[in-house]
Amino acid sequence: MFESLTPAPQDKIFALMAAYQADNRDGKIDLGIGVYKDDEGNTPVMTAVKKAEERLLATAKTKSYVGVAGDKTFNKLMIDLALDGAVPDDRVRGVQAPGGTGALWIILMLIQRSNPDAKIWISDPSWPNHVPMVEQVGMPSASYPYFDPETGKVRFEDMLATLDGLGKNDVVLLHGCCHNPTGANLSPEQWDRVIESLERTGAFPLIDMAYQGFGDGLEEDAYGVRALARKIPEFVVATSCSKNFGLYRDRAGCAIAVGRDAKAADLANAQMMSCVRAAYSQPPAHGAEVVREILSDDALRAEWKSELEAMRTRMVANRLALAEAIRARSNSSDFDFVSEHRGMFSLLGLPTATVDQLKDKNAIYMLDDSRINIAGLSGERIERLADAIVAATR
Ligand code: LMR
């Protein structure tokens, strides 16, 4: 049976990770997969997570099933983290998901079941898994202009012109904050204009919120989704605990659906649960339990927030240091945009040949579109990256 298959395309993020691991050179630099790293290049377990796990270990009474929608307290806490009461509770439903990708999948299935004619509009560029996920669910996708590699900024007027031409069968996938891969984000004023456009056209918003707390702060990063929630009667949000709780392998996230009224919200909830039941029955418990423990305990929550804030400010400091190091070597402001970007990534706008050269000659690994993971940098690595970029682009 399998002989009839054609080879499946490999995800480029995981292919790059494998190439990095196979490289034996000393001092190689990994700026690939979106995983937070400290100055030593490690991805530590957050202290608040460790403490929550200790508590869970000491108090756990059962390993029985959690249920199709997962942990209800976790879902409510995740809804509040994203929306902070911007929508009345009776119109919001959350389903625990295996990571942000799992949440996105549930939401795409919900959209497909709600409107089989829906088309998903994705930013150009976007996270490399967005299009394959939409294809997997069997929906068409199209792209809207988003990033200008010449300036490192959002092509906002072009983006808006496309959104203004959409209609009721169009779904706009927006990155809630910390745009992946570019690092270029909408300002609050630009969010307001996007929301006005959605109100006018009736296009349906899907917010991918995988990096809350990695940009300008937990509350600041939620500006767009909360402003949208106050104006748009129905929308969906995929949230993730992979990055801001560092729970990557534990797969915790939440699929959030907001309906026009409680009845519509219940219908959406039942459909999300039916998708989950038919695919994997119910979510894994551990990551969501950890998050529930942290968010429902004042002391642990405060500890988590300060750890998250330290990660965020370190990434901002890395941005400033990289922009400054390149400026000092090149005597130009060509890469200053890196210091204005926010989140885990920046798209440098380098041609693929330069990206290959940095890998082959300098053992510096970034995605082929020149996306770098800002957290993968530290003092000495920043200097070496700046040296290599300036030498390669001279
Ligand atoms: C990334 O963009 O590198 C992360 O979101 C990891 C992933 O699953 O692709």
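Helices H13 and H14 cross with a right-handed sense in this predicted model. The contact is formed by Thr354, Gln357, Leu358 and Asn362 on the H13 side. H14 contributes Ala388, Ala392 and Thr393. By class, the residues of this contact comprise three nonpolar and four polar, with no charged. H13 spans residues 352–362 and H14 spans residues 379–393. Their axes lie 10 Å apart, and the packing angle is about 125°. H13 is therefore oblique to H14.

The domain assignment divides the protein into two domains. Domain 1 consists of 2–45 + 301–393, and domain 2 covers 61–298. Their C-alpha centres are separated by 25 Å. In the contact, domain 1 supplies 27 residues and domain 2 supplies 32 residues. On the side of domain 1 that touches domain 2, three elements each give two or more residues: helix H1 (12–22), helix H11 (298–330) and strand E11 (345–347). H11 gives the most, with seven residues. The residues on this side of domain 1 include 13 nonpolar, six polar and eight charged.

A ligand is surrounded by Ile13, Ile33, Gly34, Trp127, Asn129 and Asn180. This shell holds three nonpolar and three polar residues, and no charged ones. Both domain 1 and domain 2 give residues to the shell, so the ligand lies between them.

Technical notes. Residues are numbered from 1 along each chain as its sequence is written. This is a predicted model: local features need pLDDT of at least 70, side-chain atom pairs count only at pLDDT 80 or more; totals for chains, interfaces and linings use all residues. Domain bounds come from an automatic or database domain assignment. Two residues are in contact if their C-beta atoms, placed from the backbone, lie within 7 Å. Helices (H or I, at least four residues) and strands (E, at least two) are DSSP runs, numbered from the N terminus. Ala, Val, Leu, Ile, Met, Phe, Trp, Tyr, Cys and Pro count as nonpolar, Asp, Glu, Lys and Arg as charged, and the others, Gly among them, as polar. A residue is near a molecule or strand if its C-beta atom, placed from the backbone, lies within 6 Å of it. Axes are lines fitted to C-alpha atoms, for helices over the stretch in contact, and angles run from 0 to 180 degrees between N-to-C directions. Angles under 35 degrees count as roughly parallel, over 145 as roughly antiparallel, 65 to 115 as roughly perpendicular and the rest as oblique. A crossing is left-handed if the near helix is turned anticlockwise from the far one by less than a right angle, and right-handed if clockwise.
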